[in-house]
Structure formats: C-alpha cells, structure tokens
Amino acid sequence: MACGKRKKVVLSIEQKLEALKRINKGESMLKIASELCVGQVTVGDWKRKRSELEKWCSDRSSIEGLKDRKTMKKCEYEKVSEALFLRFTQQREKGMAIIGPILQEKALSFQKEFNEGELDFTASVGCLIAGKNDRLRQISICGEKLLANQEGFLKFKANFHCLIENEGSSCKQIYNCDERGLNYKMLPSKTLAFRAEASAPGKERVTILACSNTTSNHKLRLTFIGKAKKPSALPIATTALPVSYKNQRNAWMDSAIFRGWFLPSVEQFLNSLNLPRKAILVIDNAPAHPHEDELISGDIRVIFLPPTSLCQPMDQGVLEVLKKKYRCKLLTTLIEVTDDGNGMLDKLRTVNIKDVIYWIAQSWEEIEPQTLARSWRKLLLKDENTQEMVQENCDNLLPLLQQIPGCEKVNDDDDIQKWMEKDEQQELTDHDIIALVNQDDNGNEDDEVEDTNDNDNTERISHSEKVKALEAALAYVEQQGEATASDVILLRHWNNIVLLEEKVKRKGK
C-alpha cells in the first residue's frame with residue numbers, strides 16, 4: 001500500500017533481490033516501489049544493476065547475511081571476516097562450536113596479518129556479532145545450529161514424511177546429495193612411499209559431489225570440484241568428461257550448481273518417465289549453503305537436514321564405498337608398475353586430474369543400486385529402531401593394500417578406515433586461510449592453473465594417426481561377438497568426423 005510522504009528507505013540486498021524476482025514475474029515497478037516506500041527510479045536502478053548485484057551475491061560464501069546487508073560496498077574488515085568465516089566453517093564441519101573469546105583471538109590475529117582497518121581494533125563481541133559485516137553475523141547465527149540432537153532429527157523426519165504425503169511425491173522424485181573431500185594421491189601412513197620423503201604425494205585434494213534419488217534409478221553425474229579453471233591434463237571440451245567439472249574453493253550446493261547441474265538432469269529424467277515436474281532435494285545444513293528460497297524452481301525444491309549426520313543418506317556408507325572403489329583402482333595401477341620393476345612413487349607422481357576423474361566416475365557407476373536404496377532407511381522408514389546399514393563389500397581393497405611395500409602385515413579394516421577418514425581430517429592452517437583470502441582479493445582464482453604435479457604428457461594426434469586408430473578400432477569391434485550396433489555406429493560417426501575435418505582443411509588451403 002502507499003506510504004504517504006516518503007522518507008529515505010534503505011533496503012537489504014535480500015529485499016532488492018526479491019523485488020527483482022517480482023519484476024520478472026510481470027509486476028510493475030510502480031507497484032513494487034509504492035509497497036517498498038522507495039522511488040520508481042530506485043527500483044529501476046536495481047533492475048539496471050541486476051547483473052552486478054547477482055554476481056556480487058554469487059561470490060558470497062553464503063547468502064544468509066543478505067537479510068541485513070544493505071550495500072555491496074566492502075566493510076572495513078572484509079578480509080578478517082572472510083578468514084574468520086573459513087575458520088568457523090572448518091570447525092563447524094567437525095561438529096565443534098566456536099565461542100566468542102576464540103573468535104576474538106582469531107580476529108585479532110588475522111587483523112594483524114592483513115593489516116586491515118584501525119590499529120586499535122579490539123575484535124569486540126559487538127563488532128563480531130552486530131557489526132556491519134554479514135559473514136561475522138552468520139558465524140553467530142550458524143553456531144546455534146550445533147545444538148541439534150536426536151529429538152530434532154525425529155521432528156524433521158516426521159515433517160519430511162508429511163511433506164512427501166502432502167505433495168504426493170513418489171520415491172523417484174526424492175533426491176539427496178552430499179560432498180566429500182578426496183586426497184586423490186594419499187596412501188596409508190604405513191606405506192614406504194609415505195615415509196620415503198616428506199614431500200611424497202598426498203596433499204592433492206578435490207571435492208566430489210554425489211547425488212541420487214531414493215530408488216537409485218537416477219544417479220546424476222558426479223560433480224568434480226578442483227582448484228584449476230582449466231587443468232592442463234583435461235581436454236578442451238570438458239563436456240565430454242564423465243563428470244561435471246567445476247572449479248571453486250567451496251564445494252557447496254549453491255544456486256549456480258543447483259540450476260546448472262541438478263535441474264536439467266532431473267527435468268530430463270522426469271520427462272522420460274512422464275512424471276510431473278516435481279522433486280525434492282535433501283541436503284545438509286552447511287553454513288555456506290544459500291537460503292532455501294534461492295534453491296527452488298517451481299515444484300523442484302531443496303530442503304535442509306538438521307545439522308547432524310544421523311539421517312544424511314549419502315553418509316550411510318555410500319560415499320565411503322565410493323572412495324574405497326576409487327582407491328582400489330589407484331592401488332591396482334601402482335601395483336602394476338611395481339610388478340614391472342618401476343618405482344611406485346614415480347608412478348604416483350604421474351597420476352593427474354584426468355586419471356582421477358575417470359577412476360571416480362567408474363567407481364560411481366559400480367556402486368550397487370541396493371547400497372543407494374538402503375542408505376535412505378533411516379530417513380524414510382517410520383520404524384525408529386531401523387538396523388544399522390550393511391555396507392557394500394569392497395573385499396579386494398585389503399589384499400591390494402597388502403601388496404603395497406610397507407603394508408604387507410596389515411590384516412584388518414582399522415588401517416583402511418583410518419585411511420578413509422584422513423580425507424576429512426585435513427585442515428586449513430591460518431597460513432592457508434590467509435593465502436586463500438589474499439588470492440580471492442587479487443582475483444586470481446579463475447586464472448589458477450594446475451600445478452606441476454598434474455602431469456600431462458599427451459601429445460597432439462596427427463590426422464593420419466587418427467584415421468589409422470579409428471579404422472583399427474572399428475575393425476576390431478566389428479569382429480567381436482559382443483559388439484552392438486550402437487558400438488559400430490559410434491565409431492563410424494567419429495571416423496566420419498575425422499575425414500570431414502581433413503576435407504575442410506584442404507578446402508581452406
């Protein structure tokens with residue numbers, strides 16, 4: 001309604017974004033301006049600056065603070081707050097609360113490193129909680145979420161069942177995704193290669209985001225999150241990879257991943273089964289996740305689990321099995337070169353991002369449907385006394401590990417479990433956090449290239465080599481009894497592409 005004589009009103013970023021959504025839906029700027037008690041010109045400014053506003057929001061670690069943030073200007077202690085938020089997020093993932101005095105001590109330490117703001121900065125509680133910085137306020141807000149318990153889980157479970165019944169969603173329309181860190185070259189600490197030198201490989205880390213529905217008949221392609229925008233080992237056309245490759249510092253389900261990765265795949269799946277465009281994606285309540293309102297598209301929505309892993313389906317053995325299968329492939333590769341008399345450590349150094357992508361994608365394909373279906377028991381079954389999950393067997397991992405020098409006497413699963421858990425034990429030091437914050441400030445993240453450990457010795461293949469290789473492959477496949485028509489058609493298709501390339505080049509000369 002109209003608000004009479006207008007006083008100066010400064011709205012939050014969240015309110016501006018909501019106004020832009022209303023404009024998209026066809027509402028007039030005059031009506032919106034009147035309801036918000038601002039000028040129509042002001043609303044027009046928001047519309048003109050929309051791309052700038054959305055880019056600024058997408059760069060935030062979280063959008064929860066947008067409820068209070070009113071400008072895109074950097075605050076006086078922007079780097080300090082970013083570093084504090086990274087430190088808090090890391091502790092939060094370990095289930096540890098950070099109280100005020102600890103925050104203050106860290107804030108003072110970071111302020112000295114960044115030389116930011118006033119010299120008499122005291123990191124008072126008022127500054128940390130009620131100051132002008134959205135991330136600092138988030139730390140206080142998110143800390144309250146650590147109070148979750150069994151009672152909270154049961155309440156969520158009951159509400160979740162009601163939601164499914166009210167919306168009439170089938171099990172095929174309910175999804176869960178979760179991310180997990182993977183040190184893709186890390187070997188157990190008992191291996192001789194691990195003890196050989198302090199600089200032995202093992203610090204290379206990526207993040208894997210896995211997603212599936214409850215019936216396991218729709219497993220989305222893994223999202224693989226690395227450090228480099230364009231790793232040297234990957235082909236130019238990353239769309240040909242068996243994963244969706246992303247590069248970003250945090251592996252959170254943000255609005256960009258939701259719209260660009262989850263939505264298209266789910267829509268295609270629902271259309272193939274003639275199901276209505278309706279789905280629920282269940283994700284954990286990580287502090288850096290956007291608000292639920294930002295992760296919704298019609299009847300496809302996201303809901304957050306309570307801050308506990310009691311009922312996270314992917315945590316019920318799925319991601320652990322995925323990592324075990326990956327490490328079976330890593331060990332098999334190392335054992336093969338050891339048998340040939342080559343150095344295992346030298347081979348480990350040559351493992352690159354492309355190897356890891358194909359091994360992890362193959363591991364995801366190998367996970368049994370029953371493993372994914374069973375992972376939903378705690379959340380979907382109404383019986384509170386649901387038995388513990390029975391994990392998919394990876395019996396070949398222990399025998400493989402025993403063939404690695406230094407691990408010959410490993411005879412139980414304890415060492416394997418410790419090996420799996422080390423992925424989640426890696427912590428960012430204060431030095432690492434400072435480097436990350438400074439890297440973002442200098443705008444270098446998008447230009448980062450893979451380090452020298454990501455070896456890529458692939459040479460460009462000549463036209464004659466392409467033709468010979470495809471003709472040989474086609475001849476081989478046609479002679480195999482198990483070959484299908486699709487196999488032959490695919491190879492013929494690529495053979496025609498190569499021949500066409502040569503024709504185009506000749507015409508251009």
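A search of the whole structure, a predicted model, finds 5 aromatic pairs. One of them joins Phe224 and Tyr245. Their ring centres lie 6.0 Å apart, and their planes differ by 25 degrees. The pair counts as stacked, because planes under 30 degrees apart are placed in that class. The two residues come from distant parts of the chain. Phe224 belongs to strand S3, which covers residues 223-226. Tyr245 belongs to strand S4, which covers residues 244-247. The separation along the chain is 21 residues. Both partners are shielded. Phe224 has a relative accessibility of 0% and counts as buried. Tyr245 is also buried, with a relative accessible area of 14%.

A second pair is formed by Trp261 and Phe262. Here the ring centres are 6.5 Å apart and the planes stand at 50 degrees, so the pair is tilted. Trp261 is buried, at a relative accessible area of 7%. Phe262 is buried too, at 0% relative accessibility. These two rings do not stand alone: ring pairs link Tyr175, Trp261 and Phe262 into a cluster. Another ring has a charged neighbour. Lys219 lies over the face of Trp364, at 4.9 Å from the ring centre.

The wider setting is as follows. The protein chain has 509 residues, of which 45% are buried. Its secondary structure comes to 21 helices and 7 strands. Contacts with a separation of 6 or more were also examined in the chain. Residues 24 or more positions apart account for 70% of them.

The helices H1, H2 and H3 pack against one another in pairs. Two packed helices are described by the angle between their axes and the distance between the axes. Helix H1 spans residues 13-24. Helix H2 spans residues 29-36, and helix H3 spans residues 40-48.

H1 and H2 have axes that come within 10 Å and cross at roughly 150 degrees. H1 is therefore roughly antiparallel to H2, since angles over 145 degrees fall in that class. The crossing of this pair is right-handed. On the H1 side, the contacts involve Ala19, Arg22 and Ile23. On the H2 side, they involve Met29, Lys31, Ile32, Glu35 and Leu36.

H2 and H3 pack at an angle of about 115 degrees, with an axis distance of 8 Å. This makes H2 roughly perpendicular to H3. The crossing is right-handed here as well. Met29, Leu30, Ala33 and Leu36 are the H2 residues at this contact. Their partners in H3 are Gln40, Val43, Gly44, Trp46 and Lys47. Met29 and Leu36 of H2 thus appear in the contacts with H1 and in those with H3.

H1 and H3 complete the set. Their axes lie 10 Å apart, at an angle of about 85 degrees. The two helices are therefore roughly perpendicular to each other. H1 contributes Lys16, Ala19, Leu20 and Ile23 to this contact. H3 contributes Val43, Trp46 and Lys47. Ala19 and Ile23 of H1 hence take part in the contacts with H2 and in those with H3.

Another residue of H1 is Ile13. Ile13 counts as buried, because its relative accessibility is 1%. Along the chain, Ile13 and Leu53 are 40 residues apart. In space, their C-alpha atoms are separated by 8.3 Å.

Two charged residues elsewhere in the chain are also shielded. Asp178 is placed in strand S1, which runs over residues 174-183. At 3% relative accessibility, Asp178 counts as buried. Neighbours within four places in sequence were left aside when its contacts were listed. The remaining contacts of Asp178 are Ile208, Leu209, Ala210, Asp284, Gln312, Met314, Asp315 and Leu319.

Lys157 is placed in helix H9, which runs over residues 150-167. Lys157 has a relative accessibility of 7%. Lys157 therefore counts as buried, because the cut-off for that class is under 20%. Lys157 and Pro306 are 149 residues apart along the chain. Their C-alpha atoms are separated by 9.6 Å.

Terms used: Residues numbered from 1 in each chain as written. Predicted model: local features only at pLDDT ≥ 70, side-chain atom pairs only at ≥ 80, totals over all residues. Heavy atoms only, no water. Phe/Tyr/Trp six-rings, centres within 6.5 Å; stacked < 30°, edge-to-face > 60°. Helix = DSSP H or I, 4+ residues; strand = E, 2+ residues; numbered from the N terminus. Buried < 20%, exposed > 50% of the residue type's maximum accessible area, 1.4 Å probe, protein only. Lys NZ or Arg CZ within 6 Å of the ring centre and 35° of its normal. Axes fitted to C-alpha atoms, helices over the stretch in contact; angles between N-to-C directions. Parallel < 35°, antiparallel > 145°, perpendicular 65-115°, else oblique. Left-handed = near helix turned anticlockwise from the far one by under 90°. Contact = heavy atoms within 4.5 Å.
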